[in-house]
Amino acid sequence: MRHAISYVSTANPNLNEEDIANLFKQVNEFNSHHNITGVLLYTETNFFQLIEGEEDEIKSLYSRIEKDSHHNNIIKFVDKPVVNPAFDGYISRVVTDTSKLNRANLKEYLHHIDVLGPASRKAVGRVVESIAGD
Ligand SMILES: Cc1cc2nc3c(=O)[nH]c(=O)nc-3n(C[C@H](O)[C@H](O)[C@H](O)COP(=O)(O)O)c2cc1C
């Protein structure tokens, strides 16, 4: 069964555009080769991520992510099996101007997250709204 983990974290303030581009490249390559789906959002202050895939793979990836010095203050709020996979692929977005992540995009993400169930959807929704603004 597939497993999902979602968290929000504080981005290391020293990260520059190149660091983020390199990170996103690495994430997209690894995840697409390991059938890991989900979403990664970056604002100047935060990361939001949802990773979904085979349970052992997701748990070991998350333990690497936890140790990564690109961020800290990781708050995990979803860690559960998923019956119906939520995503077809991996979406990585840099949200430099928070207003650019508009309501339509937000709805697109939250629609994917529906399958996690109402409690997780609510938690993820609140977090995404708080980093995405309105
Ligand atoms: C916010 C954030 C999200 C990350 N997400 C992923 C990811 O989805 N997939 C991935 O392979 N690496 C991801 N990484 C990178 C991992 O933390 C780690 O650098 C990578 O798995 C290589 O680990 P290693 O240096 O121990 O081999 C992420 C890093 C950060 C800071």
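A residue is called buried if 20 or more other C-beta atoms lie within 10 Å of its own, exposed if 12 or fewer do, and partly exposed in between. By that scale glutamate 66, which has 13 C-beta neighbours inside 10 Å, counts as partly exposed. The structure to which this residue belongs is a predicted model, and the paragraphs below go from its overall plan to its details.

The protein has four helices and five strands, and, read from the N terminus on, these elements run β-α-β-β-α-β-β-α-α. Of its 134 residues, 27% count as buried. If one takes the contacts in the protein that have a separation of 6 or more, 78% of them are accounted for by residues 24 or more positions apart.

Strand 1, which covers residues 2-11, is a good place to begin with the pairing. Nine bridges join strand 1 to strand 3, and the two run antiparallel; within strand 3, it is glutamine 49 that stands opposite tyrosine 7. Strand 1 also pairs with strand 4 (residues 71-82), again in the antiparallel sense and over nine bridges, and here alanine 11 has histidine 71 of strand 4 as its bridge partner.

These strands return in the interior of the protein. The largest nonpolar core has 16 residues, and those with the most contacts inside it are Ala4, Ile5, Leu41, Phe47 and Ile51. At least two residues of this core are supplied by each of strand 1, strand 2 (37-42), strand 3 and strand 4.

Helix 1 offers another view of burial. With 17 residues, helix 1 reaches 24 Å from its first C-alpha to its last, close to the 24 Å expected at 1.5 Å a residue. The number of its 17 residues that are buried is one, so helix 1 lies largely in the open. Helix 1 is followed by asparagine 35, which is found in the loop between this helix and strand 2. Phi of asparagine 35 is near 55°, a positive value in a residue other than glycine, and the residue is partly exposed because 14 other C-beta atoms lie within 10 Å.

Asparagine 73, whose place is in strand 4, likewise has a positive phi, of about 50°, although it is not a glycine. Because asparagine 73 has 10 C-beta neighbours inside 10 Å, it counts as exposed.

The surroundings of the ligand bring several of these elements together. The ligand is surrounded by 15 residues, of which Phe30, Phe47, Arg64, Asp68 and His70 are the closest. The elements that give two or more residues to this shell are helix 1 (17-33), strand 3 (46-54) and helix 2 (55-66). The largest share, five residues, comes from helix 1, the helix that lies largely in the open. In chemical character, the residues of the shell divide into eight nonpolar, five polar and two charged. Phe47 is named both among the closest residues to the ligand and among those with the most contacts inside the largest nonpolar core.

Glutamate 66, with which this account began, lies in helix 2. Glutamate 66 is 57 residues away from serine 9 in sequence, while the two are 9.6 Å apart in space, C-alpha to C-alpha.

Definitions and conventions: Residues numbered from 1 in each chain as written. Predicted model: local features only at pLDDT ≥ 70, side-chain atom pairs only at ≥ 80, totals over all residues. Near = placed C-beta within 6 Å. Nonpolar A, V, L, I, M, F, W, Y, C, P; charged D, E, K, R; others polar. Pairing = 2+ DSSP bridges. Core = buried A, V, L, I, M, F, W, Y, C linked by C-beta atoms within 7 Å. Contact = placed C-beta atoms within 7 Å. Expected span 1.5 Å × (residues − 1).
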